[in-house]
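Thanks for making time this morning; I would like to talk through the aromatic contacts and then the sheet, so please have a look at the model first.

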Amino acid sequence: MKISILDDYFDTLRTLPCFAMLAGHEVTVWNDHVQDTDALAARLAEAEVLVLFRERTKILAPLLERLPKLRLISQRSVYPHIDIDACTRQGVVVSSSQHPGTPCYAAAELTWALALATARQLPQQMAALQAGRWQMGVGSTLGGKTLGIYGYGRIGAAVAGYGRAFGMRVVIWSGAESRARALADGYEIAASREDFFASADVLSLHVRLYPATRGMVTAEDLARMKPTAILINTSRAGLIAPGALVAALRAGRPGGAGVDVFDSEPLTDVTDPLLTLPTVVATPHIGYVTRDEYELQFQEIFGQIQAYAAGKPENVVNPAVLIR
């Protein structure tokens, strides 16, 4: 089959052991990011299989309608960037493993790195040192403080464990089922949503983005946070109401933030407030960007292609297409 892989920025996949799973297929790897429909339609005109790097490129109806040879989209995790109904109309199978129970250490580790870097002002201290200044301020320790985890899933549970290892009081806020799991794991449940935001010294978001959770963190929630508190978001920018985080940081509650996700990605506007505010540590959506995590994810993605080629598609999110 003719397989196109989008958005492999550093041409990493060819260097991974799992790439051998595509032997015998005609594979084209694109290393730049393109969202223009005309350009994508030209690139993918012959593609029968499309491999996606998470949500880097939107695959919507105007593009799908111009790809008559496309039969399979293989990716991993959630798919708000794919028009599933349009795929079904066009006869395109969407396979996307939801990897239940699989820890995501890469995202959890970056979450913790952002918490530490923000608390200790590491980028700012490094910039001062490189500019010839010895120290630029005083950071904060995490031991003995309160870590709030909003969402106790695969990543939230791992981050909670890191907080416990650092001697923090770990408090959970989530849905009823997740709260029950957290309680069984020995963690404290917040008395209320209001208390959760007000008491946290570090508050980390670990909730999936879908219509019901979009904008779930409001300006009022952020205003309850301490002026010394830190908000960490390695999940999705859309979990926070539009403009609320920047306004809250400018108002001083919370006092800082570590963010790996943005409303518009890739973010190349160097004047964006989240890149210019001195209280923010920002990274370019690299929570899952490690060789180890790529190997884990693309084993599943390429396995879905093998299953489709064998006539037994797996993890199909639009089963109605199989009837066609």
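Are Tyr-288 and Tyr-294 buried or exposed? Both of them are buried, and I should say at once that this is a predicted model. Tyr-288 and Tyr-294 also form an aromatic pair with each other, a tilted one, with 6.3 Å from centre to centre and 50° between the planes. They belong to one aromatic cluster, which also includes Phe-19, Phe-53, Phe-298 and Phe-302, and over the face of Tyr-288 lies Arg-54, at 5.1 Å from the ring centre.

Searching the whole structure gives twelve aromatic pairs. Another of these is Tyr-150 with Phe-197, which is edge-to-face, the centres being 6.2 Å apart and the planes at 70°. This pair links distant parts of the chain, given that Tyr-150 is in strand E6, residues 146–150, while Phe-197 is in helix H8, residues 193–199, and the two are 47 residues apart. Tyr-150 and Phe-197 are, again, buried.

There is a further charge-over-ring contact to look at, where the charged end of Arg-164 sits over the ring of Tyr-187, 4.0 Å from its centre.

Now to the sheet. Seven strands form an open sheet with parallel pairing, and their order is E8-E7-E6-E9-E10-E11-E12. At the edges are strand E8, 188–189, and strand E12, 280–282, each of which pairs on one side only. For E8 the parallel pairing with strand E7, residues 169–173, runs over two bridges, and Ile-172 stands opposite Ile-189 in E8.

Note on methods: Residues are numbered from 1 along each chain as its sequence is written. This is a predicted model: local features need pLDDT of at least 70, side-chain atom pairs count only at pLDDT 80 or more; totals for chains, interfaces and linings use all residues. Side-chain values use heavy atoms; hydrogens and water are left out. Rings of Phe, Tyr and Trp (its six-membered ring) pair if their centres lie within 6.5 Å; planes under 30 degrees apart count as stacked, over 60 as edge-to-face and the rest as tilted. Helices (H or I, at least four residues) and strands (E, at least two) are DSSP runs, numbered from the N terminus. Buried means under 20% relative accessible area, exposed over 50%, partly exposed in between (1.4 Å probe, protein chains only). A charge sits over a ring if NZ of Lys or CZ of Arg is within 6 Å of the ring centre and within 35 degrees of the ring normal. Two strands pair if DSSP finds at least two bridges between them.
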